[in-house]
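Q: How do I read a ligand site and a pocket from coordinates alone? Walk me through one case, please.

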Amino acid sequence: MTGGTGYIGSHTVVELQQAGYSVVIIDNLSNSNIEVLDGIERITGIRPDFVKADCTDMAAVEKLFVEYPGIKGIINFAASKAVGESMQKPLLYYRNNLNTLMNLLDAMPRHGVKGIVFSSSCTVYGEPDENPVTEQAPIKKATSPYGNTKQISEEIITDVINSGAPIKSVILRYFNPVGAHPSAEIGELPNGVPQNLVPFLTQTAAGIRPMLSVFGDDYNTPDGSCIRDYINVVDLAKAHVIAVERMLEDKSEAPIEIFNLGTGTGLSVLELIAAFERATGVKVPHKIAARRPGDIEKVWANPKYANEVLGWRAETPIDDTMRSAWAWQQHLGALRKA
Ligand code: NAD
Ligand code: WQD
């Protein structure tokens with residue numbers, strides 16, 4: 001697994017290990033911390049193998065496959081993911097996200113690796129014409145280099161498989177992953193001032209930030225704030241276990257499959273704040289602020305295809321997800337004081 005010490009990767013390692021898979025992580029720790037392995041071990045009792053290396057380094061990728069000849073499938077989480085930063089440093093994003101993917105696709109057939117699960121994003125739909133969004137919705141021109149790397153990555157995978165490469169791929173388009181493992185042993189690591197809603201919200205609830213700004217209340221939505229599909233990260237992780245099994249056991253005819261991973265329910269920013277306050281009993285100081293440039297007004301998933309074909313469903317109620325995000329925030333606070 002690439003990027004396995006990151007936010008979604010670490011939760012997926014836990015689910016894979018609990019399903020009986022052996023996992024080897026390759027991560028350069030550019031946006032994660034080696035202590036994540038301790039959290040995984042505390043939850044599962046198993047410490048995954050870990051290789052600190054950069055996936056843009058082809059020699060390091062080759063070496064990994066030589067050292068671990070048993071690798072049959074890859075989940076590629078490794079990528080740079082900050083939308084704003086990608087506007088400032090586009091080459092970093094194109095280089096990191098695309099070279100990582102191309103190196104893996106190049107090496108896979110040589111080492112008998114059957115398939116790759118790829119982390120894509122609902123960002124490929126831009127501002128959709130209709131909600132909920134199905135996988136057939138048109139891909140809109142990307143509004144950031146980050147978003148463009150996801151569109152190009154999907155095309156690279158398609159071109160390589162259409163050229164006859166003996167591999168399969170499952171492309172998963174995540175909506176908005178939030179929350180943490182219910183044990184509070186792993187979660188999303190904040191990096192500077194959070195740009196995403198839930199880490200900013202939990203830091204505000206913890207008193208680290210004085211006030212959460214709600215970016216706009218004049219959108220064409222029932223309460224005027226933007227709508228998203230917030231999916232619990234453990235639910236999301238479980239879909240990867242099913243996708244890996246599907247590839248490795250040849251359960252699909254098609255060499256490439258694409259699935260939306262969302263709940264099917266849209267929540268506004270104000271509804272999400274209310275859910276957090278209801279679930280935790282903690283108030284979140286917030287104010288209405290100007291719209292954030294580039295924001296999508298509303299997007300939520302039609303997850304029917306994943307529900308039917310993968311037999312997977314996002315099950316965790318939003319209140320439980322908010323409680324898990326809060327428990328993780330408190331765990332981080334306790335670490336800081338220790
Ligand atoms: P994350 O930053 O927590 O995890 C990514 C991991 O990849 C980090 O541990 C980082 O150190 C590692 N990494 C980055 N570049 C690397 C490289 N060249 N070589 C080795 N390791 C490298 O991010 P995340 O939220 O867990 O996201 C995982 C994937 O899901 C990414 O591809 C991201 O674009 C995608 N995604 C995330 C979201 C989201 O909101 N979190 C939504 C849609 C898609
Ligand atoms: C959610 C909502 C904000 C912060 C981004 C990427 C996307 C995907 C997920 C990877 C929006 C509002 C936020 C704040 C707020 N990543 N908000 N106050 O914008 O849906 O998506 O992350 O692929 O590509 O663009 O997520 O968490 O930033 O925002 O009001 O302080 O919360 O306006 O409506 P977003 P987000």
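**Ligand 2 and a pocket**

A: Start with a polar contact: an oxygen atom of ligand 2 sits 2.5 Å from an N or O atom in the side chain of Asp-295. Keep in mind that this is a predicted model.

Q: Which side chain has an N or O atom 2.8 Å from an oxygen atom of ligand 2?

A: That of Arg-292. The backbone takes part too: a polar backbone atom of Phe-215 is 2.9 Å from an oxygen atom of ligand 2.

Q: How much of the accessible area of ligand 2 does the protein cover?

A: Compare the ligand with and without protein. Alone, ligand 2 has 680 Å² of accessible area, and the protein covers 86% of that.

Q: How many residues surround ligand 2?

A: The shell holds 18 residues, with Ser-121, Tyr-146, Ser-213, Arg-228 and Asp-295 the closest. Sort them by class: nine are nonpolar, six polar and three charged. Then sort by element. Strand β7 (residues 212-215) gives the largest share, four residues.

Q: What space lies in the second largest pocket?

A: About 390 Å³. Its lining has 20 residues, and Tyr-21, Ser-22, Val-23, Val-24 and Gly-73 are the closest to the pocket centre.

Q: Which elements give two or more residues to that lining?

A: They are α1 (7-18), β3 (73-76) and α8 (233-248). The largest share, three residues, is from β3.

Q: What classes make up the lining of the second largest pocket?

A: Use the sorting by class again. The lining has 13 nonpolar, four polar and three charged residues.

Key:
Residues are numbered from 1 along each chain as its sequence is written. Chains are lettered from A and ligands numbered from 1 in the order in which they are written. This is a predicted model: local features need pLDDT of at least 70, side-chain atom pairs count only at pLDDT 80 or more; totals for chains, interfaces and linings use all residues. Side-chain values use heavy atoms; hydrogens and water are left out. A residue is near a molecule or strand if one of its heavy atoms lies within 4 Å of it. A polar contact is a pair of N or O atoms within 3.5 Å; within protein, one must be able to donate a hydrogen and the other to accept it, and residues adjacent in sequence count only if both atoms are side-chain atoms. Accessible areas come from the Shrake-Rupley method with a 1.4 Å probe; for residues, only the protein chains shown count as cover. Ala, Val, Leu, Ile, Met, Phe, Trp, Tyr, Cys and Pro count as nonpolar, Asp, Glu, Lys and Arg as charged, and the others, Gly among them, as polar. On a 1 Å grid over the protein atoms alone, a cavity is a set of points where a 1.4 Å probe fits but cannot get out, and a pocket is an open set with protein on both sides within 12 Å along at least five of seven lines; lining residues have an atom within 4 Å of a point. Grid points are joined across faces, edges and corners, and a volume is the space filled by probe spheres set on the points.
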